[in-house]
Amino acid sequence: MLRHLRTTVRHRSTIIFWHHHSHYHRSAKYNPPKTANPPSPPKPPKAPQKPQTFTFHDVTWEDPYSWMSSLQDKVAMRHMDMYMEQEEKYTEAVMSDTERLQTKLQSEMASRLNFDLSTPPLRWGPWLYYRRVEEGKQYPVLCRRLASLNEEFISHKSPSSGFDFTSGKRIEQKLLDYNQEAERFGGYAYEELSEISPDHKFLAYTMYDKDNDYFKLSVRNLNSGALCSKPHANRVSNLAWVKDGQALLYVVTDENKRPYRIYCSMIGSTDEDVLLLEEQDENVYVNIRHTKDFHFVTVNTFSPTLSKVFLINAADPFSGMNLVWESEGIVHCVLEHHQGYLYLFTDAPKDGQIIDSHYLLRSPVDSSSNPRIWENVFIGDQNLVIEDVDFCNSHLVLITREGRKYGICSVALPLPGWKQAVHLRELQPHFLPLPKHVCNISPGPNYDYYSKTMRFTISSPVMPDAVVDYDLSNGKWNIVQQQNMLHERTRILYGTALSSAIAEKTTNVKFSSMNDVKSEDRNLWNDLSEFYACEHHDVSSYDGAMVPLTIVYSRKNRKDNQSPGLLHGHGAYGEILDKRWRSELKSLLDRGWIVAYADV
């Protein structure tokens with residue numbers, strides 16, 4: 001989740017006094033110059049007040065501005081437009097003495113914008129999938145090429161034509177042009193869901209229909225490029241392929257945008273789509289996803305009072321749903337399957353006690369107990385938090401955090417057959433190399449279940465986001481995309497030759513425990529800590545509570561006890577602030593500002 005914070009920098013105008021030495025005759029009468037009266041400061045606009053009374057939970061209050069949320073009231077929205085115009089004019093007047101600085105800041109920030117012409121290719125089976133933007137076009141194109149051909153096609157730039165000038169062959173296949181989709185949807189192209197079938201023959205995707213305010217499902221044949229005759233459904237919120245790509249499950253919402261129905265559509269069939277589930281309770285929401293090995297589809301239903309997880313056999317989606325887990329209240333839970341075991345990653349209460357972290361459970365698929373018995377995989381460790389998990393056929397990967405320190409570790413699969421929980425260290429986890437000051441680690445799509453390479457995005461307050469591929473079998477790592485702030489360009493690697501220099505430097509990487517992981521060469525990670533410092537402090541709040549504080553500043557431009565500061569603070573839901581490097585903050589840091597993040 002990204003949070004964008006718009007920052008306004010006020011420039012204090014400097015008044016320069018000067019002395020004017022004048023020679024005049026003694027008889028001359030001196031008339032001091034008349035000083036013009038300074039313009040009166042602009043007055044802020046006042047929004048119209050239209051008091052309305054509300055009563056909830058036996059509490060009554062009056063809201064004079066509730067009319068602003070009446071989106072369907074055309075008169076109210078016209079008044080809102082007029083008020084916003086007044087606000088804009090007021091802002092321009094107040095900030096008028098900073099116009100030169102604003103122009104300079106905009107120019108600086110624009111020069112650092114990350115104009116990625118392509119996403120880094122993602123391998124799945126024999127194919128490499130990526131999106132790229134063609135010159136002069138507004139929207140990207142979804143493409144793929146065979147990995148075997150890609151090894152021969154190497155370029156620093158975006159593969160704009162997908163043409164290998166060495167062999168004289170076109171090696172790229174266009175799957176979906178979102179510029180053409182924009183023509184279908186009134187000049188606007190916004191995609192929410194996109195799923196390639198496991199046999200790589202079809203693409204199911206949803207596009208936003210702004211005229212009707214819902215997402216419309218389409219399925220495209222990737223061999224012919226044509227749209228399939230069905231399914232064509234509206235108000236679709238979830239997708240999952242079954243039967244090795246021969247059928248598609250999808251969820252539709254009601255008029256209040258509540259996901260409540262699951263349908264199954266046989267691709268290429270003229271039969272009507274089959275309704276598998278209809279949840280009539282208006283408090284219950286439905287969500288589906290396939291396990292990474294495509295053996296099952298999980299159905300999550302949740303309400304304020306109860307959360308449940310059901311399983312559908314992907315090979316026979318009409319065989320019904322089996323309840324495998326339930327918990328009181330709304331909880332987060334993701335279920336995976338690996339070689340006969342179900343793994344559940346959840347933050348559900350333990351023994352009736354609410355907890356503020358996730359844990360991992362497992363249970364045999366063929367368990368006959370009722371209710372199903374789930375075993376803890378790891379013994380709880382108060383100092384070690386498991387932030388996320390990911391699976392492939394050969395490894396379980398954990399994103400961990402000890403205090404402020406993040407880590408990525410891999411554990412070989414399958415896990416031992418014992419039924420008791422174990423400490424993580426007993427499974428001999430291999431911690432992967434990371435740079436300094438990591439503030440977040442996000443798993444990539446990692447569609448290829450049978451690949452030993454996993455992709456993660458590594459974030460730091462003093463390093464542009466790095467998209468990194470880790471080989472779990474030997475610990476080698478490779479940055480496949482990262483903006484270079486020193487050269488104001490973005491590095492995107494295609495094929496293998498471009499990454500050979502980095503690969504050579506990481507060939508001898510050894511696995512280690514978390515405490516022994518040493519930061520790699522700053523140049524390899526494109527770390528900016530030579531220019532910008534990142535410090536961590538614990539600061540006492542007014543009530544004595546200690547608040548973790550992260551500060552970032554320029555080593556060259558900081559002035560002790562004189563630097564202006566920008567403080568980010570958020571204290572809801574135990575959420576940790578987004579502290580990733582943002583190129584626009586460079587303009588503040590280079591002017592001596594200190595940027596601080598308080599994890600309240």
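## Arg404, Ser410 and a three-stranded sheet

A polar atom of the Arg404 side chain lies 2.7 Å from the backbone oxygen of His537, where a polar contact is a pair of N or O atoms within 3.5 Å and, within protein, one must be able to donate a hydrogen and the other to accept it, with residues adjacent in sequence counting only if both atoms are side-chain atoms. The model is predicted: local features need pLDDT of at least 70 and side-chain atom pairs count only at pLDDT 80 or more, while totals for chains, interfaces and linings use all residues. Residues are numbered from 1 along each chain as its sequence is written, and side-chain values use heavy atoms, with hydrogens and water left out.

Arg404 sits in the loop between strand 25 (395-402) and strand 26; strands (E, at least two residues) are DSSP runs, numbered from the N terminus. Setting aside neighbours within four places in sequence, Arg404 is in contact (heavy atoms within 4.5 Å) with Val438, His536, His537, Asp538, Pro548 and Leu549. Arg404 and Asn440 are 36 residues apart in sequence, and their C-alpha atoms are 10.0 Å apart in space.

Strand 26 (residues 405-412) contains Ser410. Not counting residues up to four places away in sequence, Ser410 touches His395, Leu396, Val397, Gln428, Pro429, His430 and Leu472.

The table gives relative accessible area for four residues. Buried means under 20%, exposed over 50%, and partly exposed in between, with a 1.4 Å probe and protein chains only.

| Residue | Relative accessible area | Class |
|---|---|---|
| Arg404 | 33% | partly exposed |
| Ser410 | 1% | buried |
| Cys228 | 12% | buried |
| Cys392 | 1% | buried |

On cysteines, a disulfide is a pair of cysteine sulfur atoms within 2.5 Å. By this rule the count is 0 disulfides.

Elsewhere, strands 9, 10 and 11 form an open sheet of 3 strands in the order 9-10-11, with antiparallel pairing; two strands pair if DSSP finds at least two bridges between them. Strand 9 (191-196) and strand 11 (214-221) are the edge strands, each pairing on one side only. Neighbouring strands of this sheet are turned by 15° against each other on average, direction ignored; the axes are lines fitted to C-alpha atoms, and angles run from 0 to 180 degrees between N-to-C directions. Strand 10 (residues 202-209) pairs with strand 11 in the antiparallel sense over 8 bridges. Thr206 has Leu217 in strand 11 as its bridge partner.

Definitions and conventions: Helix = DSSP H or I, 4+ residues; strand = E, 2+ residues; numbered from the N terminus.
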